[in-house]
Amino acid sequence: MTAQIPSSAFPEEQFAENLSQRHRTARWMAAVFQISTVFGIIVLLTLLYNIINSSFGLVAWQYRVPPESLAGMPLEELPKEELMRILQERVSANVLRRLEGEKPLEARSQEELYALVMERVVQPKIVKTWSLVDSIFRRGEIMQEVARDYPDAYLRFRSWLNARFLTSPQSSRPELAGVRTAILGSLWTVLITILFSFPLGVGAAIYLEEYASDNWLNRIIQTNINNLAGVPSIIYGMLGLAIFVRAMEPITSGIWFGAAEPATANGRTVLSAGLTLGLLVLPLIIINAQEAIRAVPNSLRQASYGLGATKWQTIWHHVLPNALPGILTGTILSISRAIGETAPLVVVGASTFITVDPSGPFSKFTTLPIQIYQWTSRPQDEFRNLAAAASIVLMVLLLSLNASAVLLRQRARRRIRG
Amino acid sequence: MNVKIAFQPGVRTSEPLAGAGKYAIEARNLTVLYHDRPAIRDINLAIERQRITAIIGPSGCGKSTLLRAFNRMNDLIPGARVEGEVLFEGVNIYDPSVDPVQVRRHIGMVFQRPNPFPKSIYENVAWGARINGYRGNMDELVEQSLRQAALWDEVKDKLHQSALSLSGGQQQRLCIARAIAIKPQIILMDEPASALDPIATLKIEELMIDLAEHYTIIIVTHNMQQAARVSHYTAFLMVDEQRVGYLVEYGPTAQIFTNPRDKRTEDYITGRFG
């Protein structure tokens, strides 16, 4: 028998002292966690503030030819004939001939002619922009500055994020530039990425979880997949350049399928980009799908086998439906990552300036992050505003993709719970 | 050499088939090893047809391992290996020519924790029959199976609700209905009532006695009263110094519980150790 431990081993007064010390530690730790959360929120708010601050604000416009000098009334109310007369007087014969070649002036509507007059004759140009906060709080100073420095200019409030921005292709003039090509490029690329990496990733996860035995070869494969998930994305870009753009050029450019686009003629296509991003997210999809498959209770597998089901029947009828919500969650996260990727696409050869929409897997392409990157590196201030507006578009695109995937996941989950 | 038993809906009994032996299933010199470490050794056990046989013994004696050896569920555990024979309808189910899927289709199993599929009640019963090629009227089969499992009256109005909405006892009876829907010869039950309250346990026990008219049932239980109440035969397993399980005594339940031949059985049953 061991000796009885005396009750004095837990001295009363020391306990009281320790207790308050213990509670102090608990409070202190809680405060630390709160502070880190608050810090995170502050960073997030700063980011939002920055983007929104640049996306809206006052701009100073200047006309090359003031519209008042062209007609006695507002231009948009001028009849067709008047607008045509202005064009014929003010536009050089060369340009006029080209415009006639595209579509005869007579055949154009009044709105089209008005747009032409604005573009070719009036030529509004942004000379200076201000941020949203400055526009609100320093309006007086800004007005003085404009009156002093740009006597011909007038001041307007502009939302850089507008319908025209979403529907216009890229342009070298900031007031005309838009993100349509970039949005379409991003969507095409991500579509290829999903088609490539989802079936492959889920298939690999099924193999590793359900079929692979626990031997050294499979352990090496598993370790490698885990490590691949941490490889810097630029390295995937190098890989994509070497394999998809160069080695597989006949396929990725579409020559093999007789579908090459005349303007492409090399492997720098949507297909190459999608496959590269597919490689990048493949380990993430595999790891997440494995987690989801592992989370399916073993009792379900046993019940299924106990009824005389084969391995595949067990996987198809029980494991996969129950793992689907988890697999979808992992895929959503991976796709979000793919949409935001820039570096590998720069290496694979995203076009920095295209005005033609991508029309299929063999098109040249640009994506939203590439567009943002390209705009931020321009010297003119106006492009920074465009980049901010494009950032909002990118975030909305990401959030809506996530939201739709969350809905999909909840539907899958409801179907299981019955 | 293959187990050849035609799937016959409507035939609810496990009548002895031509060429089959006297017993429902028989273990001969059965040893099960996990990673070359034996869990049970040299078990010889012949299970009577249409009777309930209880396997009892202290924790870790390999009761469940023995039970799972009867329908090759140990195959699913990595590193498990079997020596000896298990004869079912005159065929060694561990013969390389025998497909474990076919074995499990004829020897069903009910597990310790109720594990219905997260599907509707109807689908739980119908699924096993469907994958095994049932061609008859599914509604009839579902109703018949649920009636046999004494669950029909409780669920007939909510067949298409999730099985997970049922209570634990109902879920376990659903698992039994699911197992008998594919008309097995033998039903293995691994402590089927250990996760249930006394009332649900009683229902399961009554159900087992009813089912024994048509099926051979082998049940593993920790509960000695349960073994005494429901079973016709009892096998008592012990564990030796190397922590390997072995069969001590096997016989009619009445004899095992009232007049055991082995001192160790008597000690265990009277609660002197274990």
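This is a short chat about a predicted model and how its chains A and B meet.

Reader: Okay, how many residues does each chain put into the contact?
Author: Chain A brings 18 residues and chain B brings 23 residues.

Reader: Which helices of chain A supply at least two residues each to the side that touches chain B?
Author: Those are α13 (298-306), α14 (311-340) and α17 (381-417) of chain A.

Reader: And which one gives the most?
Author: That's α13(A), which puts 6 residues into the side of chain A that touches chain B.

Reader: What's that side made of, in nonpolar, polar and charged residues?
Author: On the side of chain A that touches chain B, 10 residues are polar, 6 are nonpolar and 2 are charged.

Reader: Switching topic: where does S404(A) sit?
Author: S404(A) is in helix α17 of chain A.

Reader: Is S404(A) buried or exposed, and why?
Author: S404(A) counts as exposed because it has 11 C-beta neighbours inside 10 Å, and the cut-off for exposed is 12 or fewer.

Reader: How far is S404(A) from R337(A)?
Author: Along the sequence they are 67 residues apart, and in space their C-alpha atoms are 16 Å apart.

Reader: Now chain B. How many helices and strands does chain B have?
Author: Chain B has 10 helices and 10 strands.

Reader: What does its radius of gyration say?
Author: Chain B has 18 Å, which agrees with a compact globule, because one with 274 residues would come out near 19 Å. The C-alpha atoms of chain B fill a box of roughly 55 × 45 × 35 Å along the principal axes.

Reader: How much of chain B counts as buried?
Author: 46% of the 274 residues of chain B do.

How values were computed
Residues numbered from 1 in each chain as written. Chains lettered and ligands numbered in written order. Predicted model: local features only at pLDDT ≥ 70, side-chain atom pairs only at ≥ 80, totals over all residues. Contact = placed C-beta atoms within 7 Å. Helix = DSSP H or I, 4+ residues; strand = E, 2+ residues; numbered from the N terminus. Nonpolar A, V, L, I, M, F, W, Y, C, P; charged D, E, K, R; others polar. Buried ≥ 20, exposed ≤ 12 C-beta atoms within 10 Å, placed from the backbone. Rg over C-alpha atoms; globule rule 2.2 N^0.38 Å.
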